[in-house]
Amino acid sequence: MSSLVAARASTAGKNVWVEFGALATKYKSVNMGQGFPDFPAPMFVKQALANATMTDQLNQYTRSQGHLRLVNALAKYFTPIFKQNLDPMTNVMVTVGAFSSLYCSLSGIVNPGEEVVVIEPFFDCYLPAIKAAGGIPKCVPLRPKEKGISSSADLILDPDEFSAAFSSKTKAVIVNNPHNPSGKVFNRAELEMIAGLCKKHNAICISDEVYEWIIYEGEHIRIATLPGMWERTMTIGSAGKTFSVTGWKIGWTIAPPELIAASHSIMVNVNYVCATPIQEAVAIGFERELEKKGQSDSYFLELPALLKEKRAEMAKMLTDVGMKPIVPQGGYFMLADTEQLGMKFDSEDSYDYEFCRWLTKNKGITAIPPSAFYSPGHEHFAGKFIRFCFCKNEVTLQKAREKFEEWKKEL
């Protein structure tokens, strides 16, 4: 008898979020794994949403490709950044979070059997979205420099290995910059190498830039601004990461009209439209930030300053118990090397999964195993690293401090 469920809907395999979310709840641990802020979003966007819900016409459907006020605000803000005269009607599309933007982008451009180059480790929705479009992922890992690694800048993309992943079947490459989970900010030479391969193989670049405002070191260069790349780049952004409102689920794509139209042809038949009042609030947020651009009270400056302090605190907690933090240049995740702890597990499962289970059960701290962000067969590249998230409020961080201090006393 045939299955009632489509093969593509199979739930076989691990789900890292389900497992470690349940473990954190069961053992009442401090969850420093999953990536969402638990500090308040800025009052100006919260108030804007409250006001929007009280405006009757904003509680109805809006334009499918994006609420007019929001696409206008995005086009106005990003026009000087991209050095393109962005048309809000044809160069911008609003989606149900960056996840939807990525899915619609891939489904709109990738034909069955075409290949998509992905840099490992990667956000775990990349491979399912590629496969849903009928694409074939070709994964290339970031590798640590031979001298060792202490910063995300020490993770490099080998040009020969990366070039070898491209072929006549290559349709696209996904670049996450700043990178999750490492926090790497790709430098100009690396982006120029990627751009050169895109042009050589006539490939589209999907540039996932959701952490674009969270930069501590290094210059955030948008690959779409490099010569010959605007016409072949789809840049993805996120209100959740921009304004610390991950539950709002508003994302966007900025790209040439042909690529926007392809992506929208998918989105209109999946979600049709995004929540109108939330789009209105995000628009007001961008309008406010345009007025505050470069000023000390700009949220786009306040957020990285706040998180930089939390990054330092996270690194100290890890160092105090013998882990080696890999200090991120951007984003709000931090990898930690646990090798110096000398832990061993009698299990066929990967080391990082076993370590994170042990950490939750025995130390009351939950982290995420980064092998979840590698393709099948490449999990070993995760080594003995684990991933922490430091975008937490003072109450959560204090609980984490106490757990790490207890651990330190046991050493």
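**Close-up 1: the salt bridge between R401 and E313.** E313 has 22% relative accessibility, so it counts as partly exposed (20% to 50% relative accessible area, with buried under 20% and exposed over 50%, using a 1.4 Å probe and protein chains only). Its partner R401, at 14%, counts as buried. Their closest N and O atoms sit 2.5 Å apart; a salt bridge here is a side-chain nitrogen of Lys or Arg within 4 Å of a carboxyl oxygen of Asp or Glu. The pair ties together distant parts of the chain, with R401 in helix α13 and E313 in helix α11, 88 residues apart (helices are DSSP runs of H or I, at least four residues, numbered from the N terminus).

This is a predicted model, where local features need pLDDT of at least 70 and side-chain atom pairs count only at pLDDT 80 or more, while totals for chains, interfaces and linings use all residues. Residues are numbered from 1 along each chain as its sequence is written, and side-chain values use heavy atoms, leaving out hydrogens and water.

**Close-up 2: the salt bridge between E289 and R288.** Here the closest N and O atoms are 2.7 Å apart. E289 is buried, at 0% relative accessible area, whereas R288 is partly exposed at 22%.

**Close-up 3: R357 and its network.** R357 meets D349 in a salt bridge of 2.9 Å, N to O. Shared partners join E19, D349, E354 and R357 into one network of salt bridges.

**Close-up 4: helix α12.** This helix covers residues 351-363, and 11 of its 13 residues are buried. Among them are Y351, F355 and W358. Just past the helix, G364 takes a positive phi of about 70°.

Notes
Helices (H or I, at least four residues) and strands (E, at least two) are DSSP runs, numbered from the N terminus. The expected span of a helix is 1.5 Å times one less than its number of residues.
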